[in-house]
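Hello,

Here is the structure we spoke about, handed over for you to look through. My notes on what was found in it come after it.

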Amino acid sequence: MITFEGVTKRYPDGTVAVDTLDLEIPAGRITVLVGPSGCGKTTSLRMINRMVDATEGVVAVDGKNVREIDPPTLRRGIGYVIQQAGLFPHRTIVDNIATVPFLLGWDKKKARARSHELMERVGLDPKLAKRYPAQLSGGQQQRVGVARALAADPPIMLMDEPFSAVDPIVRASLQDEFLRLQNDLEKTIVFVTHDIDEAIKLGHKIAVFQVGGKLAQYATPEEILDAPADDFVRDFLGGERGIKRLRFFQELDAEEAAEQATEQAAEQRAAADRPEAGSTAAER
Ligand SMILES: Nc1ncnc2c1ncn2[C@@H]1O[C@H](COP(=O)(O)OP(=O)(O)OP(=O)(O)O)[C@@H](O)[C@H]1O
Ligand SMILES: [Mg+2]
């Protein structure tokens with residue numbers, strides 16, 4: 001779990017980027033920070049891995065104040081993915097993904113093997129391994145960024161608008177694959193976006209920020225759609241709140257229906273395997 005307790009960040013020029021933030025980010029889930037430009041999303045994210053230090057208050061990971069953990073140790077357990085992937089242009093894809101294992105002193109062969117395994121996991125063609133980032137599409141580069149952050153298997157992933165530089169279709173498929181991956185991995189993910197639809201689709205919980213670094217609402221997507229905390233949240237959800245709500249609940253229904261069908265099928269199989277008392281093989 002990651003907690004913010006009364007956290008304020010004031011930059012040297014006096015800008016208050018984050019204002020007395022209290023937040024409990026659950027382990028093993030995706031928590032989304034959403035809000036308009038300049039509302040302190042990136043600053044909040046970077047206070048977790050100490051790329052930025054809080055001016056006041058405490059950020060803690062698993063109950064430990066991050067200020068008491070030296071940054072390299074802290075960051076070993078935290079993957080970081082940014083917009084445009086931020087890849088090293090002169091390193092091949094396979095070596096970009098192996099960045100952290102190389103830094104940790106893994107054997108080169110083992111690091112590259114891990115890199116190949118991750119390429120497969122994030123849906124990258126193994127043929128791309130020897131290419132350089134500029135020879136990949138935007139969507140492929142984002143996948144490399146995700147694979148690189150996963151390389152040392154950190155329990156926590158910080159993702160800052162990782163899918164925002166690609167077109168809507170590629171973006172939707174990246175989101176879908178990311179959800180599938182997270183289903184297996186169950187990382188503690190803090191995901192930043194300014195897109196409320198992305199927040200609703202990915203978030204287990206959503207923190208809506210407003211300019212000035214104030215938390216407007218922290219709740220599940222259902223709760224936010226059902227009961228926006230104030231006019232700011234209502235406006236941020238936009239005029240299509242009713243439609244978003246409908247779509248969200250339809251998707252939940254579809255998931256539930258699929259789950260029920262799977263359970264029923266399993267029960268039927270079990271029943272078929274169970275010899276009924278008094279029945280003969282011919283009757284079954
Ligand atoms: N190094 C800095 N020095 C001074 N002010 C800064 C610095 N970094 C960010 N800020 C200011 O702090 C506020 C929050 O910035 P931050 O980058 O956290 O916002 P954001 O929500 O991530 O925005 P965006 O959606 O545009 O990425 C903004 O007003 C920004 O100008
Ligand atoms: Mg930002």
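**What was found**

The secondary structure of the chain comes to 11 helices and 10 strands. Please keep in mind that this is a predicted model.

First, the chain as a whole. Its C-alpha atoms fill a box of roughly 85 × 55 × 40 Å, taken along the principal axes. The chain has 284 residues, and buried residues make up 35% of them. Among the contacts with a separation of 6 or more, 64% are between residues 24 or more positions apart.

Next, the domains. The domain assignment splits the chain into domain 1 (2-238) and domain 2 (239-274). The centres of domain 1 and domain 2, taken over C-alpha atoms, are separated by 29 Å. An unreviewed UniProt entry carries the annotation "domain: ABC transporter" for residues 2-237. That span is 38% helix and 25% strand, and its end C-alpha atoms lie 26 Å apart.

Then there is a sheet to look at. It is an open sheet of 4 strands in the order 2-1-4-5, with antiparallel pairing. Strand 2 (16-25) and strand 5 (64-65) stand at the edges and have a single partner strand each, so one side of each is left without a neighbour in the sheet. Strand 1 (residues 2-10) pairs with strand 2 in the antiparallel sense, over 6 bridges. If you want a place to see this pairing, R10 stands opposite V16 in strand 2.

Now the ligand. Which residues are around ligand 1? They are Y11, D13, T15, A17, S37, G38, C39, G40, K41, T42, T43 and H194. By class, this shell has 7 polar, 3 nonpolar and 2 charged residues. Helix 1 (residues 41-48) gives the most to the shell, with 3 residues.

Helix 1 deserves a second look for another reason. Of its 8 residues, 6 are buried, so the helix is largely enclosed by the rest of the structure. The buried residues in helix 1 are K41, T43, S44, L45, M47 and I48. K41 and T43 are thus on two lists: they are buried, and they are among the residues around ligand 1. After helix 1 comes R50, which has a positive phi, near 65°.

When you open the model, you could start at ligand 1 and helix 1, which gives the most residues to the shell, and then move on to the open sheet of 4 strands.

Regards

Conventions:
Residues numbered from 1 in each chain as written. Chains lettered and ligands numbered in written order. Predicted model: local features only at pLDDT ≥ 70, side-chain atom pairs only at ≥ 80, totals over all residues. Near = placed C-beta within 6 Å. Nonpolar A, V, L, I, M, F, W, Y, C, P; charged D, E, K, R; others polar. UniProt positions renumbered as here; feature names shortened; annotations may be inferred. Pairing = 2+ DSSP bridges. Domains from an automatic or database assignment. Buried ≥ 20, exposed ≤ 12 C-beta atoms within 10 Å, placed from the backbone. Contact = placed C-beta atoms within 7 Å.
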